[in-house]
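Here's a quick briefing to read with the model open beside you. It starts with one residue and works outward from there.

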Amino acid sequence: MSRSETGSWIQIKNIAVCMYGQYRTGDACIEYLKKFYDIEGVNVDFFCSLKEYETTYTRESYNMKTYGEEYSRKQSPLSSDAVAYQTQQIHKHYNPKKFKIYSTEYEEGLKGIEQSIMQSKVLAGWADVIMLKQKYEADNNMSYDLVIMQRYDVIVWPTHAFRTIISSLIDNPVNERITF
């Protein structure tokens, strides 16, 4: 059966990992994430957008019960030393093709949105890092075969999961690929 009969074939040779958000416990995840995305024969580039604050949104109910309304959605700016340290760690370990400290200036406008402001800020973080990747692609006249969204402080288990997914996509016609 020819390739034209089975659909388009796309090789996965270049992967963009778009890291976004708050660094938080990123140090604990560095070595795991580097190993997780290390796949022989596949180029993996990192694009990083870093938020220069920390929030407690993920534990809002607990924080409200324990500390009260004021603390439940607290956003704490990081010190310049903390931002410098996180920036250094990102550059040292991920060697990003593009890096940006996320600007929070427009987040005031998100407060008028009726839905959860947390999801709005997450989506804004995604858009910020994807724009870094797109700018790099345009500047270098290339495109990535696969884009992964990754937080600094989250690991995916088991360690072989990514390699298994990539192996199932490589050398399969697009119309026969499964979705995950």
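In which helix does Gln89 lie? Gln89 sits in helix α5, and in this predicted model that helix packs on a four-stranded sheet, which the bullets below take in turn. The chain has eight helices and six strands.

**Overall layout and confidence**

- Reading along the sequence, you get the pattern α-β-α-β-β-α-α-β-α-β-α-α-β-α.
- Of the 180 residues in the chain, 37% are buried.
- Take the contacts with a separation of 6 or more: 79% of them come from residues 24 or more positions apart.
- The average pLDDT for the chain is 80, with 71% of the residues scoring at least 70.
- Confidence is highest in β2, at a mean of 96, and lowest in helix α1 (residues 3-6), where the mean is 51.
- A word on reading such regions: where pLDDT is low, the predicted coordinates should not be read in detail.

**The sheet**

- Four strands make up an open sheet, in the order β5-β2-β1-β6 and with parallel pairing. Its edge strands are β5 (98-101) and β6 (146-151), each of which pairs on one side only. On average, neighbouring strands of this sheet are turned by 20° against each other, ignoring direction.
- Strand β2 (residues 43-50) pairs with β5 in the parallel sense, over four bridges. Phe47 has Lys98 of β5 as its bridge partner. Helix α5 (residues 80-94) packs on the sheet and touches β1 (14-20), β2 and β5, and its direction makes about 175° with that of β2.
- β1 and β2 also run parallel, joined by six bridges. One pair to look for is Asn14 with its bridge partner in β2, Asn43.
- Why is β1 described as largely enclosed by the rest of the structure? It's because six of its seven residues are buried.

**Gln89 on helix α5**

- Back to the opening residue: Gln89 has a relative accessible area of 9%, so it counts as buried.
- Its side chain is joined to that of Asp27 by a polar contact of 3.1 Å.
- Leaving out neighbours within four places in sequence, Gln89 is in contact with Tyr23, Asp27, Ile30 and Tyr94.

**Helix α2 and what it packs on**

- The buried residues in α2 are Gly26, Cys29, Ile30, Tyr32, Leu33 and Phe36. They pack against β1, α5, β6 and α8 (161-169).
- A reminder for reading that list: an α-helix has 3.6 residues a turn, so residues three or four places apart point the same way.
- Phe36 belongs to helix α2 (residues 26-36) and is buried, with a relative accessible area of 4%.
- What does Phe36 touch, leaving aside its neighbours within four places in sequence? The contacts are Val156, Pro158, Thr159, Ala161, Phe162 and Arg163.
- Phe36 and Arg163 are 127 residues apart in sequence, yet their C-alpha atoms are 8.1 Å apart in space.

**Ile155 in the loop**

- Ile155 lies in the loop between β6 and α8.
- Is Ile155 buried or partly exposed? With a relative accessible area of 44%, it's partly exposed.
- Not counting residues up to four places away in sequence, Ile155 touches Cys29, Tyr32 and Leu33, and those three are among the buried residues of α2.
- The C-alpha atoms of Ile155 and Ile30 are separated by 9.3 Å, though the two residues are 125 apart along the chain.

**Cysteines**

- How many disulfides does the structure hold? The count is zero. Cys18 is in no disulfide, and the nearest cysteine sulfur, belonging to Cys48, is 8.7 Å away.
- For Cys48, the closest cysteine sulfur is that of Cys18, and 8.7 Å is too far for a bond.
- Cys18 is buried, with a relative accessible area of 0%.
- Cys48 counts as buried too, at 0% relative accessibility.

How values were computed:
Residues numbered from 1 in each chain as written. Heavy atoms only, no water. Helix = DSSP H or I, 4+ residues; strand = E, 2+ residues; numbered from the N terminus. Buried < 20%, exposed > 50% of the residue type's maximum accessible area, 1.4 Å probe, protein only. Contact = heavy atoms within 4.5 Å. Pairing = 2+ DSSP bridges. Axes fitted to C-alpha atoms, helices over the stretch in contact; angles between N-to-C directions. pLDDT = per-residue confidence, 0-100. Polar contact = N/O pair within 3.5 Å; in protein donor to acceptor, adjacent residues only side chain to side chain. Disulfide = S-S within 2.5 Å.
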